[in-house]
Structures are given as C-alpha cells and as structure tokens.
Number of protein chains: 2
Amino acid sequence: MYSAGDVRIENVPDPQIIEPTDAIIRVTRACVCGSDLWPYQKMERSDAGRVMGHEAIGIVEDVGADVRTIKRGDFVIMPFAFSDGTCPFCHDGLQTSCIHGGFFGTTEIAGAQAEAVRIPLADGTLFPVGAHADDALMPSLLTLSDVMGTGHHAAIIAKVTAGKSVAVVGDGAVGLCGVIAAKRLGADQIIILGRHADRIALAKDFGATDVVSERGDAAVNTAISIARPGGAVGRVGVPQEQTIPGSEPAFYNNVTVGGGPAPVRAYIEDLLPDVLEGNIDPGRVFDRAVGLDGVPDGYRAMNDREAIKVMVTP
Amino acid sequence: MYSAGDVRIENVPDPQIIEPTDAIIRVTRACVCGSDLWPYQKMERSDAGRVMGHEAIGIVEDVGADVRTIKRGDFVIMPFAFSDGTCPFCHDGLQTSCIHGGFFGTTEIAGAQAEAVRIPLADGTLFPVGAHADDALMPSLLTLSDVMGTGHHAAIIAKVTAGKSVAVVGDGAVGLCGVIAAKRLGADQIIILGRHADRIALAKDFGATDVVSERGDAAVNTAISIARPGGAVGRVGVPQEQTIPGSEPAFYNNVTVGGGPAPVRAYIEDLLPDVLEGNIDPGRVFDRAVGLDGVPDGYRAMNDREAIKVMVTP
C-alpha cells in the first residue's frame with residue numbers, strides 16, 4: 001500500500017532470516033482485516049510503501065539457529081502480533097504488550113498479504129497446529145490469527161459468562177466472531193446491532209437471538225449507553241478518537257470499559273479444539289476468496305461493504 | 001445550600017415518616033464530602049435550596065409500619081445512597097443502581113448535614129452496627145457511609161490483590177482511603193500521587209510506600225497513562241467531562257477503566273469488622289470537627305484545602 005486506495009501487487013526480495021530467533025513461513029492463507037481499511041481510507045503517500053496484512057496461516061520454510069520449538073514443515077498459525085513468549089506480559093497472557101514484541105504489516109515488519117513472511121521471535125509467536133488439518137478447516141484456522149481471537153477478547157473483557165445477555169455492536173467480521181464467542185461462553189441472549197441482511201443472517205446462524213437495526217454514531221457510546229448497570233464493554237476496534245465517549249453514563253452505571261489489541265496467541269489454545277472439532281465455524285465470515293492479484297479489489301470490496309471479509313490464497 | 005458558596009444553617013420542620021418503609025434517624029455524626037465541593041463551587045441560585053450531606057451515622061428514632069429489620073434505638077450507618085435491598089442490582093451488590101433507590105442530599109431527598117434525616121427504604125438502606133461502639137470509633141464508622149467504601153471501590157475496580165503495585169492519584173480523603181484499601185487488600189507497593197505534606201504523611205501512615213509529587217492535569221488521564229499493560233483504573237471521582245481521556249493508551253495497553261458510585265452498602269459487611277477491631281482507622285481523614293453552626297466554614301476550609309475532611313457533630 002502506497003497511500004489511501006493505492007494497493008499494488010509487486011515482486012519484492014524473498015524474506016530472509018535476520019535474527020537467529022526468526023522463522024520464515026510460506027503463507028497458505030492470509031486475509032484483509034477491517035483495520036486494514038483505516039490506512040486504505042487515510043494513509044498518506046509513502047515512497048517505500050507498506051507490506052500489508054497481519055493474519056496468516058502457513059508452513060514453516062526456515063528457522064534461525066536459536067529457534068527451539070518451531071521446525072521446518074510445521075503448519076502454524078501466525079498471530080497478528082509477534083511476542084517473545086517469555087516476558088512478564090506474555091506470562092500474563094497479554095502477548096500484545098510483549099516488551100520485545102510488535103505487529104505485522106507495519107512499516108517496520110512486513111506483512112502477510114504475501115507469499116512468505118519473516119516471523120520475529122518464532123518460538124513465542126507461532127502456534128503449531130499439530131495435525132495437518134482438513135482443507136475445509138483452513139478458513140476457520142485462519143481466523144485464529146486475529147478476528148476470532150478478537151471477537152473472543154471482546155467477549156472476555158465484557159465478562160460474558162453462562163446465562164448473560166450480550167449486545168454485539170456492529171455486524172462486521174469481528175462482531176460476527178463476537179457472536180460466536182458469546183454463544184460459546186454460554187450467553188443466553190445475544191443481541192446483534194447491525195443492518196446488513198447477509199451479515200445478520202450469518203449472526204443468527206452463529207447464535208444471535210435478537211436483532212436491532214438501529215445504532216448510534218459511535219459504537220463505544222452505544223455500547224456504554226445500553227450496558228446494564230455493573231456491566232462491561234469490550235472495545236476491540238482500533239480507536240479513531242483521543243477520548244472515550246460516555247463518561248457520565250459509564251460512571252453512574254458503574255460500567256467498565258476495557259479491551260485493546262487481543263492477545264490472540266493466548267486464546268488459540270482455548271479456541272483451536274473447538275475449531276478442529278467443528279463446534280465453531282468462524283471461517284464463514286470469509287465470503288470472498290482471491291489470489292494475490294485480487295487483493296486490491298478485495299480491499300475495495302470490503303471498503304464498499306460488498307464483502308464481509310476477503311481471504312487471500314497466495 | 002442556596003448557591004455556590006452560600007451555605008446557611010436554618011431551622012426546618014422535623015423530618016416525618018412519609019412512606020411505611022421509611023425510618024427517621026437522629027444524626028450523631030455527619031460530614032462534608034469532596035463531591036459537596038462541586039455544588040459549593042458551581043451551584044446556581046435556588047430559592048428552595050438544597051439540604052446537603054449524604055454521609056451519616058445515627059440512632060433510629062422512628063420507623064414506618066412496613067419496616068421489618070430496623071428498630072427504634074438501633075445504631076446505624078447510613079450509606080450515601082438508599083436502596084431497597086431486594087432488586088436485581090441490590091442482589092448483585094450494586095445498591096447504587098437500585099431500581100427504587102436514589103441519593104441523599106439531592107433536591108429530592110434531604111441530606112444529613114442536619115439533626116435528623118428521613119431514610120427511604122430503611123430495611124435495605126441502613127446497616128445496624130449491632131454493638132454500641134466506643135466513641136473513639138465513631139469517625140471511622142462514619143467513613144463507612146461513603147469515603148472508605150469509595151476508596152475500597154476504587155481498589156476493587158482497579159483489581160488490587162495481594163502482591164500488586166498500586167498508584168493512588170490524589171491525596172484527598174478518598175485517595176487516603178484508597179491507600180488503606182490497597183494495603184488491606186495486600187498490595188505490595190502503594191504509590192501516592194499528591195503534594196500536600198500533611199496528607200502525604202497520613203498516606204504513609206496508612207501504608208503508602210512511595211510518593212510522587214507530580215501529576216497530570218486530569219486524574220483519570222494520569223491513571224490510564226501510568227497503568228501497567230493489562231492493568232485497571234478505578235474511577236470514583238464524580239466526572240466533570242463528557243468523555244474519558246486516554247482512549248489510545250487505554251486501548252493499546254488493554255487498560256480497563258471502571259468505577260462509579262461505590263456500593264458502600266455492600267462493602268460495610270467487609271469493612272466493618274476491620275474498623276471494630278482497629279485494623280484500619282480511616283476516621284483519621286477527619287482533621288477538623290464542627291457543630292452544625294460550623295458547617296459553612298467547614299465547606300470553606302475544605303474548598304481552600306485547609307482541611308482534608310470536616311466532621312459534623314449536630
């Protein structure tokens with residue numbers, strides 16, 4: 001991506017092992033994230049451009065000399081953040097705050113909408129799936145690199161437990177995964193706030209019990225305003241404002257507002273068995289698949305709300 | 001209070017039982033709250049005025065026909081909010097969101113900077129202390145009606161547990177009670193942010209291990225900015241803004257922001273034994289005592305930061 005709306009497919013040098021803790025993976029599936037649409041709408045022109053994409057599954061092609069647990073040939077999930085797996089925050093299960101970590105698809109670390117990716121801190125970052133899973137499971141496995149883990153994070157921060165009533169504000173891919181997460185955690189009532197017929201239909205398949213087609217201008221404000229006293233809001237969309245709305249209703253109702261970049265690395269352990277056993281099928285959020293050449297149009301389609309989420313098979 | 005800065009002592013009719021669930025208490029101790037300083041600084045002129053005060057201990061003088069558990073002669077703590085004790089929020093321990101509840105010292109319900117108060121929903125609201133406690137304990141018992149419970153609420157929402165590091169932003173009476181609460185919950189390191197020598201000395205007595213005399217303009221912004229990734233902020237000061245600052249640092253560090261009016265009614269059960277046994281002594285936040293006639297000057301003294309907190313003995 002060179003600037004807003006300017007996504008190109010280019011040949012670049014193959015990624016190489018730089019640090020002895022690196023690995024190289026061949027990407028078997030990647031995708032376009034809702035958060036990729038922010039630079040797609042706003043990015044200022046950059047001569048160097050930015051290799052986009054932070055969600056992938058793939059096969060390990062090479063490992064550095066100090067990589068211990070990841071081996072060539074492993075089938076792995078690449079979380080959107082890399083992490084050393086050993087720092088205090090990783091120990092707490094908050095790998096997105098790893099003191100040596102960072103994010104894929106940034107100006108520093110090339111992204112996964114590509115044939116191959118260099119993975120820093122491979123042992124701490126990559127999650128080996130173990131079994132070679134069936135092809136039909138690939139889309140759902142891919143969601144464990146971000147969107148399903150992010151929906152799960154929203155539900156965890158919103159303190160969803162058995163018997164609770166949950167509202168999911170937004171019917172994008174993360175919201176849909178939030179419905180799956182709420183259902184999986186035992187919520188009784190799952191209200192989806194959204195107005196795209198296809199997405200609402202999918203939300204119902206995933207377990208939504210109620211649909212509200214109206215919502216306020218700001219998702220977080222809506223969430224705070226409708227939360228039960230003592231309730232909690234899990235905020236997982238990248239914030240676009242300096243302040244959080246709803247200071248007074250949040251205060252007077254003792255509503256907690258939390259969330260942030262989801263530590264999906266920690267959540268894979270919980271969610272993977274349910275994917276492998278077919279209990280959840282978050283891969284259904286992909287309603288379009290493209291090759292690398294189709295990525296620019298994939299951005300356009302997601303930005304125009306023509307596609308929910310676009311999968312990339314390099 | 002008739003307007004900002006205009007506090008008068010007046011004779012008014014004695015409070016009467018209105019609803020059969022009411023009680024009347026004779027106030028033995030009341031006090032001035034930091035939150036009373038907002039109207040003291042900002043209140044617009046009102047012909048009716050407002051009977052201020054929402055913190056008290058006292059003796060039950062009369063009860064309505066439907067009052068079951070509270071009896072004449074009981075020595076009781078009056079939480080700053082009244083509550084029915086039976087609604088779903090009361091059952092959850094969030095009495096400040098009681099569906100039939102409300103707050104003392106408002107335009108609707110007369111306050112406790114007075115000789116006597118009408119207590120709505122007496123069974124759900126009042127907490128009978130049981131034993132007639134020693135006079136020396138009265139200030140600490142009084143704090144259970146608000147300020148100690150509020151400091152405890154901040155600590156609970158900030159997820160203080162054994163071994164944690166805690167920062168308390170502000171050295172007012174609530175901050176000082178926050179130090180007591182953090183210590184009581186087992187925090188290892190307790191950092192007080194404040195710059196009043198007398199208050200800092202008291203904070204150290206209460207268990208503060210570190211002092212930082214600089215802080216930002218906004219307490220919540222400071223708290224969010226210094227919180228550890230994955231940490232939590234307990235916000236208990238009445239918000240004066242429509243939005244919560246620090247949207248981005250809160251998000252990127254997965255810092256949770258919660259809090260609100262403290263359900264002190266729920267906390268009395270936890271805190272009272274420690275007061276009665278002398279394990280905590282929050283009454284030390286009162287550094288001035290006045291009779292009713294001294295209340296106007298008590299407001300002035302607190303507003304000028306001449307007194308930490310003023311106790312009233314009607």
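The following questions and answers concern a predicted model with two chains, A and B.

Trainee: By what turn can chain A be laid on chain B?

Mentor: In this predicted model, chain A can be placed on chain B with an RMSD of 0.0 Å and a shift of 0.0 Å along the axis. The two copies are thus related as by a two-fold rotation axis. The turn that brings chain A onto chain B is 180°.

Trainee: Why can it be said that the copies meet through the same surface?

Mentor: Contact between the chains involves 27 residues of chain A and 27 residues of chain B. The copies meet through the same surface because the share of interface residues of chain A that are also interface residues in chain B is 100%.

Trainee: Which element gives the most to the side of chain A that touches chain B?

Mentor: On the side of chain A that touches chain B, at least two residues each are supplied by helix H9 (247-252) and strand S12 (256-258) of chain A. By class, this side holds 11 nonpolar, 12 polar and four charged residues. With five residues, the element that gives the most is H9(A).

Trainee: Into which domains is chain A divided, and how many residues of domain 2 take part in the contact?

Mentor: Chain A is divided into domain 1 (23-146 + 262-312) and domain 2 (147-258). Their C-alpha centres lie 24 Å apart. Domain 1 of chain A gives 19 residues to the contact, and the number from domain 2 of chain A is 18.

Trainee: Which helix provides the largest share of the side of domain 1 that touches domain 2 in chain A?

Mentor: The side of domain 1 of chain A that touches domain 2 of chain A consists of 11 nonpolar, three polar and five charged residues. Its largest share is five residues, and these come from helix H10 (residues 264-276) of chain A.

Trainee: Which strands are the edge strands of the sheet S8-S9-S10 in chain A?

Mentor: Three strands of chain A form this open sheet, and their pairing is parallel. From one strand to the next, the twist averages 20°. An edge strand here pairs on one side only, and the edge strands are strand S8 (165-169) and strand S10 (210-212) of chain A.

Trainee: Over how many bridges do S8(A) and S9(A) pair, and which residue stands opposite A:Ser165?

Mentor: S8(A) and strand S9 (residues 189-193) of chain A pair in the parallel sense over five bridges. Within S9(A), the residue opposite A:Ser165 is A:Gln189.

Trainee: At about what angle to S8(A) does helix H8 of chain A run?

Mentor: Helix H8 comprises residues 219-226 of chain A. This helix lies across S8 and S9 of chain A, and its angle to S8(A) is about 160°.

Trainee: How many residues of helix H5 of chain A are buried, and which elements cover them?

Mentor: Helix H5 (residues 147-157) of chain A is mostly covered, with 11 of its 11 residues buried. Among them are A:Gly149, A:His152 and A:His153. The covering elements include helix H4 (138-143), helix H6 (173-184), strand S11 (232-234), S12 and H10 of chain A.

Trainee: Which residue takes a positive phi just after H5(A), and which follows H5(B) with a positive phi?

Mentor: Helix H5 (residues 147-157) of chain B is mostly covered, and 11 of its 11 residues are buried. Just after H5(A), the phi of A:Lys159 is positive, at about 60°. After H5(B), the residue with a positive phi, near 60°, is B:Lys159.

Terms used: Residues are numbered from 1 along each chain as its sequence is written. Chains are lettered from A and ligands numbered from 1 in the order in which they are written. This is a predicted model: local features need pLDDT of at least 70, side-chain atom pairs count only at pLDDT 80 or more; totals for chains, interfaces and linings use all residues. Copies are superposed by least squares on the C-alpha atoms of residues with pLDDT of at least 70 in both. Two residues are in contact if their C-beta atoms, placed from the backbone, lie within 7 Å. Helices (H or I, at least four residues) and strands (E, at least two) are DSSP runs, numbered from the N terminus. Ala, Val, Leu, Ile, Met, Phe, Trp, Tyr, Cys and Pro count as nonpolar, Asp, Glu, Lys and Arg as charged, and the others, Gly among them, as polar. Two strands pair if DSSP finds at least two bridges between them. Axes are lines fitted to C-alpha atoms, for helices over the stretch in contact, and angles run from 0 to 180 degrees between N-to-C directions. Domain bounds come from an automatic or database domain assignment. A residue is buried if 20 or more other C-beta atoms lie within 10 Å of its own, exposed if 12 or fewer, and partly exposed in between; C-beta atoms are placed from the backbone.
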